[in-house]
Amino acid sequence: MSEIAREATSQRTGGRGRGRAEVWQTALICLLIVALYYLVPVEPGVAGLHLAVRAVVTSVGVVLVAALVLRQIRRQIAADVTDVRLARLAMAVVGGVVTFALADLVISFSDPDQFVNMTTKTDALYFAIATLTTVGYGDVHAQGQLARAAVCVQMVFSVGVLATGASLFVRRWTEQVGRRRDAPR
């Protein structure tokens with residue numbers, strides 16, 4: 001289909017077909033990210049060189065995801081309102097949450113005294129989501145200094161992502177409302 005025909009179809013349908021496909025694609029990618037999280041091997045009781053390698057790989061992963069999320073946020077802010085893709089931001093957030101969950105789990109498995117009640121990958125994912133959403137039930141929490149430092153980084157990530165995501169959503173929504181209001185009837 002040519003670009004002109006695609007644009008005409010998008011205008012005629014209001015972009016709904018493409019929007020649904022994008023939602024399903026985003027949901028599938030997010031589910032795959034979470035599935036990969038559960039497949040990454042992380043075992044407790046690692047020491048020495050293996051622990052050092054794990055710490056370096058985890059740190060590099062956190063920095064890489066943070067850089068990708070920041071890049072996506074910058075793109076979203078700089079984009080024209082009609083080109084804002086919240087799906088990309090959603091995938092970046094899921095990637096960030098999973099990366100932080102993995103980092104928390106590595107810290108917990110490396111030193112069980114760092115976190116209280118974090119013994120499984122589900123515990124770590126639950127804690128990362130609770131931290132992102134600023135709920136913090138308290139059943140799983142940071143106790144040691146390293147864990148608290150990691151959680152501070154997560155909280156800064158959460159504030160940045162939530163604020164940016166909310167502002168982009170409102171920006172896009174108000175633009176769509178304005179277009180509907182200005183459209184000929």
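**Exercise 1.** At what angle do helix α4 and helix α5 pack, and how far apart are their axes?

*Solution.* This is a predicted model, in which local features need pLDDT of at least 70 and side-chain atom pairs count only at pLDDT 80 or more, while totals for chains, interfaces and linings use all residues. Residues are numbered from 1 along each chain as its sequence is written, and side-chain values use heavy atoms, with hydrogens and water left out.

Step 1. Locate the elements: α4 covers residues 86-110 and α5 covers residues 121-132. Helices (H or I, at least four residues) and strands (E, at least two) are DSSP runs, numbered from the N terminus.

Step 2. Fit the axes as lines to C-alpha atoms, for helices over the stretch in contact; angles run from 0 to 180 degrees between N-to-C directions. The result for α4 and α5 is an angle of about 125°, with the axes 8 Å apart.

Step 3. Classify the angle. Under 35 degrees counts as roughly parallel, over 145 as roughly antiparallel, 65 to 115 as roughly perpendicular and the rest as oblique. α4 and α5 are therefore oblique to each other.

**Exercise 2.** Determine which residues of α4 and α5 meet, and sort them by class.

*Solution.* Step 1. Apply the contact criterion, heavy atoms within 4.5 Å. From α4, the residues V93, V97, V98, A101, D104 and L105 take part; their partners in α5 are K121, A124, L125, F127, A128, I129 and L132.

Step 2. Assign classes: Ala, Val, Leu, Ile, Met, Phe, Trp, Tyr, Cys and Pro are nonpolar, Asp, Glu, Lys and Arg charged, and the others, Gly among them, polar. The contact of α4 with α5 then has 11 nonpolar, no polar and two charged residues.

**Exercise 3.** Decide whether L105 and S108 are buried or exposed, and list their contacts.

*Solution.* Step 1. Buried means under 20% relative accessible area, exposed over 50%, partly exposed in between (1.4 Å probe, protein chains only).

Step 2. L105, in helix α4, has 0% relative accessibility and so counts as buried. Beyond its neighbours within four places in sequence, L105 contacts V42, M118, T120, K121 and A124. L105 and T120 are 15 residues apart in sequence, with a C-alpha to C-alpha separation of 7.6 Å.

Step 3. S108 also belongs to α4. Its relative accessibility is 3%, so S108 counts as buried. Not counting residues up to four places away in sequence, S108 touches F115 and M118.
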